[in-house]
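Reader: Could you walk me through how the two chains meet in this structure?

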Number of protein chains: 2
Amino acid sequence: METRRFARYRPDGGWEGIPEAEYKRQAPEGMEFRSVIRRELLTTGAAFHMRYFEIGPRGYSSLERHDHVHAVVCLRGAGRVLVGDEIFEVRPFDFVHVPADVPHQFQNAGEEPFGFLCVVDAARDTPRRVDPDDLAALVCEFPTPTA
Amino acid sequence: METRRFARYRPDGGWEGIPEAEYKRQAPEGMEFRSVIRRELLTTGAAFHMRYFEIGPRGYSSLERHDHVHAVVCLRGAGRVLVGDEIFEVRPFDFVHVPADVPHQFQNAGEEPFGFLCVVDAARDTPRRVDPDDLAALVCEFPTPTA
């Protein structure tokens with residue numbers, strides 16, 4: 001990966017030579033997730049990391065907060081994104097900015113994979129769980145899908 | 001822009017609320033370009049800047065080199081990208097990594113706009129022109145389109 005200059009995108013297969021990775025090694029209590037894969041496009045040689053995440057139907061990322069920001073561009077599918085006290089319905093190429101320390105979660109809102117690029121600082125803090133009471137104070141219309 | 005959390009993408013119009021900007025303020029000798037626009041998606045609060053460039057038919061970016069790297073994902077159209085001694089034919093979602101100090105240039109290779117995200121370090125050096133002799137030693141099949 002480190003010295004790769006080009007990676008061809010294959011619909012439904014990701015990028016040639018960029019393996020599917022675990023989204024997170026484990027899900028601490030209160031940071032559960034479902035049906036999320038991760039591909040790392042660039043993680044060396046710059047002050048940032050460029051990753052791609054894909055969430056399957058009825059899947060969602062961890063509800064979390066951290067000091068580093070996210071710059072996100074949707075590539076495929078339909079998503080619903082919680083950013084603090086706002087919820088955005090996201091479609092291809094829409095841009096989402098998650099500011100520092102704002103609780104956030106990404107959910108698939110359709111029947112095909114919801115995929116998005118997510119760029120972060122290379123040096124960044126570990127995500128923390130969001131206290132349920134804090135979340136309840138922010139928003140009441142963002143139910144986490146149940147199995 | 002700084003506090004924006006969401007920007008809807010409009011086909012052929014870019015993102016709502018994110019204005020079209022100049023690609024470069026000026027073109028020094030040997031760093032000419034044609035038909036390039038720039039949109040800045042995120043330029044504060046992180047160690048990186050996320051930008052979008054769109055090159056019109058028969059357009060091209062500056063042939064240049066610099067110490068900072070580029071992480072590029074094509075969003076639309078068809079491009080031809082010079083990265084040192086390699087040329088890549090680029091289509092939507094293909095990934096291009098321009099390593100440090102490698103001469104590079106982006107050209108539109110089709111009839112519709114060629115658009116791509118390009119992420120760079122927030123703290124970065126100024127692009128420099130590529131000496132024509134250096135380029136000739138690298139590659140001989142990447143003609144710059146003429147007017």
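Author: Happily; here are some questions and answers on the interface. This is a predicted model, in which local features need pLDDT of at least 70, side-chain atom pairs count only at pLDDT 80 or more, and totals for chains, interfaces and linings use all residues. Residues are numbered from 1 along each chain as its sequence is written, chains are lettered from A and ligands numbered from 1 in the order in which they are written, and side-chain values use heavy atoms, leaving out hydrogens and water.

Reader: Which three residues supply 24% of the area that chain A buries against chain B?

Author: Between chain A and chain B about 3600 Å² is buried, meaning the accessible area (1.4 Å probe) that two parts lose on being put together, summed over both. Carbon and sulfur atoms give 65% of that area. No other three residues of chain A supply more of its share than Arg5(A), Phe93(A) and Phe95(A).

Reader: Which residue of chain B forms a salt bridge with Asp85(A)?

Author: A salt bridge here is a side-chain nitrogen of Lys or Arg within 4 Å of a carboxyl oxygen of Asp or Glu. The rule finds six of them across the interface of chain A and chain B. For Asp85(A), the closest N and O atoms are 3.4 Å apart, and the partner is Arg5(B).

Reader: Which residue stands opposite Val96(A)?

Author: Strands are DSSP runs (E, at least two residues), numbered from the N terminus, and two of them pair if DSSP finds at least two bridges between them. S11(A) pairs with strand S1 (residues 6-7) of chain B in the antiparallel sense, over two bridges. In S1(B), the residue opposite Val96(A) is Phe6(B).

Note on methods: Helix = DSSP H or I, 4+ residues; strand = E, 2+ residues; numbered from the N terminus.
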